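Thank you all for coming. Today I would like to talk about how the domains within a chain meet one another, and I will go slowly through two cases.

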Amino acid sequence: MTAAEHRPTTGAATPDPVLAGHDLAFGYDPDEAPVFSRLSVEVHPGEVLAVLGPNGGGKTTLLRLLAGSLTPRSGTVSVEGSAVRWNRRGVNELRRRVQLVFQDPDDQLFSASVTQDVSFGPLNQGLDRETVRSRVAWALEELGITELAEHPTHLLSYGQRKRVVLAGAVAMLPSVLILDEPTAGLDPAGVESLLETLEGLRRSGTTLVVSTHDVDLAYRWAERALLLNGGTLGCGPVADVLGDPELVAAARLRPAWGPAAGKALRSVGLLAPDAPDPATADEVAALLRH
Amino acid sequence: MTAAEHRPTTGAATPDPVLAGHDLAFGYDPDEAPVFSRLSVEVHPGEVLAVLGPNGGGKTTLLRLLAGSLTPRSGTVSVEGSAVRWNRRGVNELRRRVQLVFQDPDDQLFSASVTQDVSFGPLNQGLDRETVRSRVAWALEELGITELAEHPTHLLSYGQRKRVVLAGAVAMLPSVLILDEPTAGLDPAGVESLLETLEGLRRSGTTLVVSTHDVDLAYRWAERALLLNGGTLGCGPVADVLGDPELVAAARLRPAWGPAAGKALRSVGLLAPDAPDPATADEVAALLRH
Amino acid sequence: MLAIDAAAYRSPWRRTHPAVKGALCGGLLVCALSLPVWPGAALTTVAALGLAFGPARVNPRTFARVAAPALVFILTGAATLLVSVGGESAPVAWDPHGWHRALEISGRASAALWCQLLFAFTTPLAELLPRLSRIGVPSALVEVVALIYRMVFVTLDTAHRIGTGQAGRLGYASRRAWIRSVGSLGGTLFLRSYDRAQRMQRGLECRGYTGELTVLLEEIPLRWRALSAAAAVPLTVAAATLCYGVLL
Amino acid sequence: MHIAEGFLPWQHAAAWTAASAPFVIHGVRSLTRTVRADPDAKLLLGASGAFCFVLSALKIPSVTGSCSHPTGTGLGAMLFRPPVMAALGTVTLLFQALLLAHGGLTTLGANVFSMAVVGPWVGYGAYRLVRAVSSALPEMTSLGLAVFSGAFLASLSTYSVTSLQLALAFPDPSSGVLGAFVKFGSIFSVTQLPLAAIEGLVTVIIVRLLTTA
């Protein structure tokens with residue numbers, strides 16, 4: 001579950017990004033100042049990239065640009081090495097490889113039954129019915145909601161609807177899955193169980209980009225973090241970015257307990273200078289007792 | 001901001017509750033098992049009571065029962081000492097004194113402008129226009145959104161909408177303000193600023209009942225906590241209830257850092273046995289350096 | 001949220017092909033409307049209610065609650081037949097034949113109502129609507145109707161929450177407040193619906209939407225034996241009624 | 001006030017279905033044409049249809065102290081034009097029959113005729129007429145008057161047609177269809193006249209919100 005086992009890779013020579021935005025500029029209203037300009041970001045294959053920042057800081061806008069749901073005023077988005085052309089064909093090519101799951105599941109659920117809804121994306125990819133059927137079954141299995149296959153969508157709970165929408169994206173077999181606030185509205189147990197599912201997806205090769213307000217969550221799960229507030233405040237390994245109290249404050253976030261406790265423990269010599277920060281309160285307690 | 005200064009009062013002889021539920025039972029579907037049965041809760045004047053538990057554990061149901069927006073199958077709700085009668089008149093009397101603010105502000109915003117929306121409740125109370133006008137001005141002032149008075153509601157940000165809805169409840173001058181997940185969807189800076197506002201309301205005499213998933217928040221802000229999962233798991237001063245890892249786990253919540261760190265610090269002698277738990281990572285760090 | 005809809009998804013007949021239920025309930029409906037009321041409507045009532053509370057396991061309490069408004073309409077409507085107006089003796093008078101007509105019409109209509117409810121309580125719309133394109137309804141219309149069905153629940157949910165919020169602020173405490181509340185609720189719902197459509201547009205575009213809402217339809221095999229068994233019920237009712245007429 | 005399943009003799013049910021059919025087919029044609037020209041309209045039509053259904057499920061106060069529901073036909077016609085309303089109204093009535101047991105399937109044609117054809121056209125006509133006549137008045141007054149008349153008359157004409165349908169099916173033994181119409185009309189008018197006025201007021205508030213937002 002924790003990202004500890006993945007972390008060492010971030011220090012190595014970075015592989016070619018699977019998805020990248022270069023010098024992106026965007027504004028919703030042409031008469032007003034853009035949400036951001038000259039924003040660049042790289043997503044490495046197999047990683048979890050957390051995007052953090054205050055409301056209105058541009059998180060959702062960036063995710064939508066990367067998924068082809070908005071067209072940048074300038075700059076380029078590249079997927080698997082080739083730049084996206086902003087015509088219908090180019091955008092559809094991008095959407096085949098990059099799937100965006102919105103925060104509100106009701107924005108993406110349109111069908112009355114779960115199986116019908118999940119089949120929508122694969123059918124749009126032009127797959128034959130038999131392949132679609134097996135994709136749907138696999139996606140439901142992957143999300144742990146096989147038993148909901150025959151359920152009507154309007155009788156599902158919020159958490160279940162979130163999973164159905166995720167299954168709809170997963171069934172399209174994207175290289176990159178972008179999730180806007182996937183844990184919003186879930187209780188802590190729901191968050192844990194969703195994280196386990198997402199971790200399973202990542203293990204089977206999906207790269208994840210996740211926006212969140214939860215610094216602690218990003219800290220223990222993601223490899224790299226992008227701090228956004230109208231522009232990039234910082235981007236790099238979570239320990240560097242989220243461990244920097246000034247950066248975190250500039251992004252109007254609450255500092256994570258882990259780095260703060262780690263810093264304090266190191267300063268009193270209870271933690272080696274190169275050891276990772278504790279990820280939970282229990283780890284702090286163990287170090288103290290030790 | 002922290003509740004430290006308020007905590008000592010909880011040890012004193014408890015005053016008469018301003019709002020209480022006794023042996024409440026409720027279920028949405030008459031053919032199915034109730035959400036809970038025989039649930040009792042007391043809210044003391046001037047306190048902040050935090051209600052915590054998993055999604056589906058009955059938090060929102062309890063809040064709605066206490067605010068008269070659901071009728072219990074059995075049991076009584078008493079406000080300021082007198083039991084509520086479940087006829088139209090009795091329920092309206094309850095609603096005059098107890099106001100419930102929903103999690104999603106869009107559920108309570110339905111007018112074209114902020115002033116119109118905030119004046120809805122006071123107008124329904126049958127107050128004359130002059131009184132309504134001054135109530136609205138005062139409520140907007142109290143919520144720090146006087147400058148939004150003439151704004152159309154659909155152009156407000158999420159955080160602003162939350163404040164407008166709060167102003168709409170506050171303008172009715174309730175004795176008790178019940179807030180369902182007031183911090184959900186806000187970024188950390190937004191949470192801090194909302195807490196300051198709510199603390200101001202509490203100082204001017206409003207009792208607060210707040211549901212949340214955030215154990216750390218409840219821990220540092222509320223006096224008492226009620227843990228709910230289909231029934232009461234525990235109710236009492238936050239340090240007792242949220243400091244008990246077993247109770248917190250039974251409510252499927254993430255344990256608060258404060259009590260865990262406090263316990264560890266006490267066990268190594270860095271914190272006096274009767275000293276309060278640290279409320280932030282910085283306090284832990286300070287104790288360690290000390 | 002909607003009692004019939006929720007019950008239809010729990011129905012043991014949910015997996016039966018809609019055509020089978022259509023043959024059964026439609027056939028019974030034809031019996032109720034076209035056969036002599038006695039014993040046609042009575043036999044239809046027995047068949048429809050027997051199937052509903054027997055094999056289809058419909059909850060009688062829910063059934064009664066849902067049927068009540070329609071029954072009230074039938075009874076008030078039938079009651080008007082008891083009197084006659086504008087006669088020569090008096091402006092309003094009892095119609096001597098009124099009882100007979102009122103009884104006949106309420107017997108017929110209530111029998112028909114049970115057939116309608118039997119179908120509604122056992123057939124989720126989600127499984128009925130997509131099949132409409134197979135019987136020649138334009139696919140664009142079928143897609144819009146299926147969307148309406150999905151969005152009805154989202155909109156109902158919104159309406160319910162806003163209504164609860166208004167009630168909490170005493171929005172239904174007086175008639176005046178009530179009218180004000182319903183008005184602002186209706187307006188808000190329209191704006192939300194519009195907004196919802198736009199957001200769904202964006203959300204579905206990300207899933208490759210280019211104008212067609214094609215989905216995989218769960219296949220329900222149409223069994224001829226089931227279809228003939230279903231058709232046998234109305235045929236039996238019809239035969240019994242006709243025999244009764246011939247014999248007496 | 002929907003005519004319940006089986007209440008009309010089958011000949012009447014068939015005749016009203018035939019009478020509604022051209023309007024509904026015209027509405028469906030214009031709807032599919034809209035969708036074909038602009039596929040994005042599909043989601044908007046879906047949302048509009050859902051709105052019509054939910055609007056007719058809202059509760060409004062009635063004279064007896066209990067509550068009733070608005071027809072929504074006037075507002076629908078003013079928002080979406082009568083042809084589209086014929087299609088959306090038919091879907092709404094079908095859903096009401098299958099989800100709420102309000103109105104029947106064999107009586108669908110009769111109900112469509114009163115609620116998705118006559119109501120919308122009368123409401124729309126009244127709205128346009130009053131708008132034209134009151135153009136000299138201040139904009140908000142003119143709009144308010146037109147919207148009230150549209151919604152009030154749409155609701156009232158809907159119930160008048162329903163009464164007429166019942167009268168044709170069950171003529172009075174001594175005074176015929178006219179007497180029966182008076183009979184059904186007077187029973188319904190006790191409740192429906194105030195309801196139509198309330199629906200008019202509610203619709204004015206709705207439109208006012210829509211024009212300011």
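**Where domains meet in chains A and C**

Between domain 1 of chain A and domain 3 of chain A, no residue pairs in polar contact are found across the interface, counting pairs with both residues at pLDDT 80 or more, and the number of salt bridges there is likewise 0. Please keep in mind that what you see is a predicted model.

To place these parts, chain A is divided into domain 1 (14-109 + 175-255), domain 2 (111-173) and domain 3 (256-290), and the C-alpha centres of domain 1 and domain 3 of chain A are 29 Å apart. Their contact involves 9 residues from domain 1 of chain A and 8 residues from domain 3 of chain A, and together these two domains bury about 580 Å², with 58% of that area on carbon and sulfur atoms. On the domain 1 side, A:Asp216, A:Tyr219 and A:Pro255 supply 65% of the buried area, while helix H8 (residues 215-221) of chain A gives the most to that side, with 4 residues.

Let us now turn to chain C, which is divided into domain 1 (3-123 + 219-247) and domain 2 (131-206). Here the buried area between the two domains is about 370 Å², and carbon and sulfur atoms give 35% of it. Which side chains meet in a salt bridge? They are those of C:Glu219 and C:Arg134, at 3.5 Å from N to O, and the count between these two domains of chain C is 1 salt bridge, alongside 3 residue pairs in polar contact.

Key
Residues are numbered from 1 along each chain as its sequence is written. Chains are lettered from A and ligands numbered from 1 in the order in which they are written. This is a predicted model: local features need pLDDT of at least 70, side-chain atom pairs count only at pLDDT 80 or more; totals for chains, interfaces and linings use all residues. Side-chain values use heavy atoms; hydrogens and water are left out. Domain bounds come from an automatic or database domain assignment. Buried area is the accessible area (1.4 Å probe) that two parts lose on being put together, summed over both. A salt bridge is a side-chain nitrogen of Lys or Arg within 4 Å of a carboxyl oxygen of Asp or Glu. A polar contact is a pair of N or O atoms within 3.5 Å; within protein, one must be able to donate a hydrogen and the other to accept it, and residues adjacent in sequence count only if both atoms are side-chain atoms. Contact means heavy atoms within 4.5 Å. Helices (H or I, at least four residues) and strands (E, at least two) are DSSP runs, numbered from the N terminus.
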